[in-house]
Amino acid sequence: LQGEKDNRVNVLLVAIGGEGHQGENLADTIILASFRPQDNDVALLSIPRDLYVKLPNTDVTMRINAVHAYGEYPNQGQGLQVLRKKINEITGQPVHYTARVDFTAFKRIVDELGGVEISINQGFYDYWHRINFPQGTEHMTGDRALAYVRARFIEGSEGGDFKRAARTQQVLLAIRKKMLSVQTAFDLRALAGVLDALRDNVATNFTLAELKRLIELTRSIPDGNIHSAVLTTGPEGLLVGTTEVLGGRPASVLRPRAGLEDYREIQAFAADIFSQAKAAPSPG
């Protein structure tokens, strides 16, 4: 794999709404997943979609979730490449691989696995989508899992985009756990079949041989070796909240506390992510 000899393989994971959804090319989720083959551990770093950035090689500013959409319009088909370049700039890390799914692919993958088990430590109600998630362990279908990771209009401690990012990581790990479980009897050919059926909904630069190698290297990683981090605000956070004019209207955005386009603190954090990050959220 690219990066394997340097003991760090970085994969940019992106989720978009896709055809039929408002803002279909906006990046709903952005995660840089890093893997150290020699140490057998993984770290997930979520980048908030409200991070205020400059488009690469321009003075145009926007939220980072719009960078992918800009690369796709009009008919450029370069959304992943433009976003990949920006994530490299923000984190200081080479982005070896990219993988993008839309909502259709996300739901289909969960359903193909027979659903996933999710432990909800604190129940909440998403008042925008009018969906309730009571405390306890729930077996989620694709539709339910998508609603869970998209929920952010919530009163109390479970609200906001930072907690939504943590729930996305939780479901991602639940998918991994189910995919590699004995009950699922994971078969690379089955995965290839799913990806082929979803070729209009999944985009990646992994070859099938590279994907096979990645699975061989990562399938035995214990849960305790998976680390998690979300770029946040607050006393220990690396971001601050501010207001900018977007589309002619004031909008809440995030920027590095060191200043716009000053990513030195984030790059230092990303370089040391395996010791800086905490234990990943338990799927169930």
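How are H1 and H2 oriented to each other? This tour of a predicted model begins with that pair of helices and ends inside the protein's cavities.

**Stop 1: helices H1 and H2**

Select residues 65-72, which form helix H1, together with helix H2; the axes of the two helices come within 7 Å and cross at roughly 140°. An angle over 145 would count as roughly antiparallel, and H1 and H2 are therefore oblique to each other. The crossing of H1 past H2 is right-handed.

Next, show the side chains where the two helices touch. On the H1 side, select Val67, His68, Gly71 and Glu72; they meet Gly79, Leu80, Val82 and Leu83 in H2. Coloured by class, the residues of this contact comprise four nonpolar, three polar and one charged.

**Stop 2: helices H2 and H8**

Keep H2 (residues 79-91) on display and add helix H8 (residues 264-271). The axes of H2 and H8 come within 7 Å and cross at roughly 90°. Angles of 65 to 115 degrees count as roughly perpendicular, and H2 and H8 are therefore placed in that class.

To find the contact, select Glu89, Ile90 and Thr91 in H2, then Ile266, Gln267 and Ala270 in H8. Three of the residues in the contact of H2 with H8 are nonpolar, two are polar and one is charged.

**Stop 3: the largest cavity**

Now turn to the enclosed spaces. Searching the whole structure yields two cavities of 30 Å³ or more. The largest cavity holds about 90 Å³ of space.

To centre the view on the largest cavity, select Thr29, Ile30, Ile47, Arg164 and Ala165, the residues nearest its centre among the 13 that line it. Then display strand S2 (27-36) and helix H5 (161-179), each of which supplies at least two residues of this lining. Strand S2 gives the largest share, five residues. By class, the lining of the largest cavity has six nonpolar, three polar and four charged residues.

**Stop 4: the second largest cavity**

The last stop is the second largest cavity, with a volume of about 30 Å³. Select Arg8, Leu32, Ser34, Ala43, Leu45, Ala270 and Ile273 to see its lining. Two elements, S2 and strand S3 (41-46), each give two or more residues to the lining of the second largest cavity. Five of the residues lining this cavity are nonpolar, one is polar and one is charged.

Before leaving, locate Ala270 once more: this residue of H8 takes part in the contact with H2, and Ala270 also lines the second largest cavity.

Key:
Residues are numbered from 1 along each chain as its sequence is written. This is a predicted model: local features need pLDDT of at least 70, side-chain atom pairs count only at pLDDT 80 or more; totals for chains, interfaces and linings use all residues. Side-chain values use heavy atoms; hydrogens and water are left out. Axes are lines fitted to C-alpha atoms, for helices over the stretch in contact, and angles run from 0 to 180 degrees between N-to-C directions. Helices (H or I, at least four residues) and strands (E, at least two) are DSSP runs, numbered from the N terminus. Angles under 35 degrees count as roughly parallel, over 145 as roughly antiparallel, 65 to 115 as roughly perpendicular and the rest as oblique. Contact means heavy atoms within 4.5 Å. Ala, Val, Leu, Ile, Met, Phe, Trp, Tyr, Cys and Pro count as nonpolar, Asp, Glu, Lys and Arg as charged, and the others, Gly among them, as polar. A crossing is left-handed if the near helix is turned anticlockwise from the far one by less than a right angle, and right-handed if clockwise. On a 1 Å grid over the protein atoms alone, a cavity is a set of points where a 1.4 Å probe fits but cannot get out, and a pocket is an open set with protein on both sides within 12 Å along at least five of seven lines; lining residues have an atom within 4 Å of a point. Grid points are joined across faces, edges and corners, and a volume is the space filled by probe spheres set on the points.
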